[in-house]
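Please walk me through this structure in plain steps. I would like to know what the helices pack against, where the cores lie and how the cysteines are placed.

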Amino acid sequence: MIQTNNLEKYPNRQKAMAIIEAGLVAIDTKKIVQSSISLEGEILKIKDIQIDLREFRGVKVIGFGKASSEAAVELEKILGEKITDGAIIDINTGGCQRIKEFIGTHPHPSPQNISAAKQLLEIAEGADEKDLVLVIVSGGGSALLCWPEEECKQGEMLYEEFLKIGGTIEELNVVRKHLSSLKGGGLAKALYPARVVGLIFCDVPGGGMEEVASGPTFKDSTTTQDAETLLDKYNFKGFKLNETPKEDKYFERVTNLSLISNLDALQAMSQKAKEFGFEPKILSSQIYDLPEVAVDNFKKLLTKGSAVIGGGEIKLIVKSRDGSGGRCVQLALASLKKLGEGETFTAIASDGLDNSDVAGAIVDKNTLEAVSRLNLDTEDYLQRVDSYNFFKQTGDLVFTGQTGANVSDLMLWIKE
């Protein structure tokens with residue numbers, strides 16, 4: 001349930017939150033598993049494929065990312081005793097009975113992540129051609145699935161360096177794949193020769209499922225030279241790279257299926273906006289711009305009676321650790337400069353955690369009045385990337401709690 005202030009006072013806040021909530025409902029992990037996967041006798045149906053379980057000794061489940069615990073719980077309900085082994089790593093647990101659950105850290109890897117990844121790897125390496133392995137791959141998996149220990153040390157350093165320059169997630173993942181034994185198809189190699197089905201909960205803007213968690217079950221098209229080129233581009237030093245698996249045999253028995261992406265959320269938001277009488281306009285499902293650029297792009301599409309909808313994330317450059325807040329609250333803060341009469345803007349992290357305990361923020365004329373009353377320097381907070389503390393004073397933070405889903409950030413700008 002979304003919580004924020006002044007919903008009763010400002011009807012457009014109610015509408016904006018209802019539109020966002022429609023997007024969150026559309027990506028609910030439990031519902032997605034229930035609608036995508038079923039068992040009829042010995043036939044396991046996953047979207048458009050059917051698997052005869054009589055051909056296998058049993059089913060193993062491994063998973064990683066912020067949707068893995070809820071997905072694992074639902075898989076247990078569907079498959080029951082047919083699950084012979086399993087382990088997942090998430091930032092919380094879901095209450096599995098047959099699948100071991102490990103709690104890891106995100107966005108920074110830690111010893112807990114290394115220990116859990118070792119357990120997942122042992123299950124993977126113990127699988128053979130008589131095993132069916134379901135692999136839950138979801139957002140946050142790049143940090144959570146961290147192996148070997150050297151990868152985690154380098155990954156931590158890489159993440160910090162990328163924050164300072166605002167590199168793209170695609171660039172970050174190219175390098176990540178070549179630091180790891182499991183990313184970039186490394187997990188598929190460890191699972192060989194088992195039959196593998198990747199269940200992808202896509203957090204990559206636009207639905208690029210091969211990039212989720214840096215593609216552990218996908219054949220990687222990039223090379224160490226590509227990673228070297230990126231490191232040179234940004235003058236990053238001290239990284240030790242390795243090549244990802246290129247042999248076709250490791251991927252011949254692997255099927256990857258996208259169960260959900262931010263496109264599903266944006267369509268649901270569009271439908272809800274239409275119900276409120278707005279003209280929905282999807283700006284993009286692949287937003288990755290500096291905050292001021294993203295704001296300008298929203299405003300270009302905005303007209304009276306419209307709802308401009310977007311998915312992705314902003315490009316955030318963090319040169320100092322003095323401030324507090326994530327991409328969504330920073331974008332909401334930047335939007336105040338262009339917020340017009342009768343307009344409401346909100347940006348929400350679909351996992352409910354915008355680098356803090358809040359999902360995001362919502363702004364409207366009430367916010368502008370509070371800024372004036374409190375004499376807040378918007379530009380100062382923007383420069384220090386301290387948007388969390390800004391909205392803590394204005395009372396415009398939005399809380400959802402952990403959603404158990406993750407499909408990038410959801411953004412909405414409406415005009416009466």
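Helices here are DSSP runs of H or I with at least four residues, numbered from the N terminus. The model is a predicted one.

Start with helix α10, residues 262–275. It has 14 residues. At 1.5 Å a residue, these should span 20 Å, and the end C-alpha atoms are 20 Å apart, so the two values agree. Now look at which residues of α10 are hidden. N262, A265, L266, M269, S270 and A273 are buried. They cover an arc of only 140° around the axis, which puts them on the same side of α10. The face turned away from that buried side carries the exposed residues Q267, K274 and E275. What do the buried residues of α10 pack against? Their partners are α1 (11–26) and three strands: β10 (279–287), β11 (306–312) and β15 (409–415). After α10 comes G277, which has a positive phi, near 90°.

Next, move to α1, one of the partners of α10. Its 16 residues should span 22 Å at 1.5 Å a residue. The end C-alpha atoms of α1 are 23 Å apart, which agrees. The buried residues of α1 are N12, R13, A16, M17, I19, I20, A22, G23 and L24. They pack against α10, and also against α13 (365–374). Strands take part too: β12 (343–349), β13 (360–363), β14 (397–398) and β15. Note that β15 appears in the packing of α10 and in that of α1.

Now turn to the nonpolar cores. In soluble globular proteins, nonpolar side chains tend to be buried together. The largest nonpolar core in this model has 53 residues. Which of its members touch the most others? They are L134, L199 and F201. Take L199 as an example. Not counting residues up to four places away in sequence, L199 touches I37, I46, L75, L134, V135, I136, V137, L257 and L259. Apart from this core lies another, of 36 residues. Among its members are L163, F298, V318 and A347.

The cysteines come next. How many disulfides are there? The count is one. It joins C146 to C152, with the sulfur atoms 1.8 Å apart. Both C146 and C152 are buried. C328 is in no disulfide. The nearest cysteine sulfur to C328 is that of C202, 17 Å away. Buried means under 20% relative accessible area. C328 has 1% relative accessibility, so C328 counts as buried. C96 is at 13%, so C96 counts as buried as well.

Finally, visit two loop residues. Is D386 buried or exposed? D386 sits in the loop between α14 (378–383) and α15 (387–394). Its relative accessible area is 5%, so D386 is buried. The side chains of D386 and R384 are joined by a polar contact of 3.1 Å. Leaving aside neighbours within four places in sequence, D386 is in contact with G323, S324, Q330 and Y381.

G166 lies in the loop between α6 (149–165) and α7 (169–177). G166 has 5% relative accessibility, so G166 counts as buried. Beyond residues up to four places away in sequence, G166 touches Y288, K315, L316 and I317. G166 and V212 are 46 residues apart in sequence, and their C-alpha atoms are 19 Å apart in space.

Methods. Residues numbered from 1 in each chain as written. Predicted model: local features only at pLDDT ≥ 70, side-chain atom pairs only at ≥ 80, totals over all residues. Heavy atoms only, no water. Disulfide = S-S within 2.5 Å. Buried < 20%, exposed > 50% of the residue type's maximum accessible area, 1.4 Å probe, protein only. Expected span 1.5 Å × (residues − 1). Arc of directions from axis to C-beta. Contact = heavy atoms within 4.5 Å. Core = buried A, V, L, I, M, F, W, Y, C linked by side-chain atoms within 4.5 Å. Polar contact = N/O pair within 3.5 Å; in protein donor to acceptor, adjacent residues only side chain to side chain.
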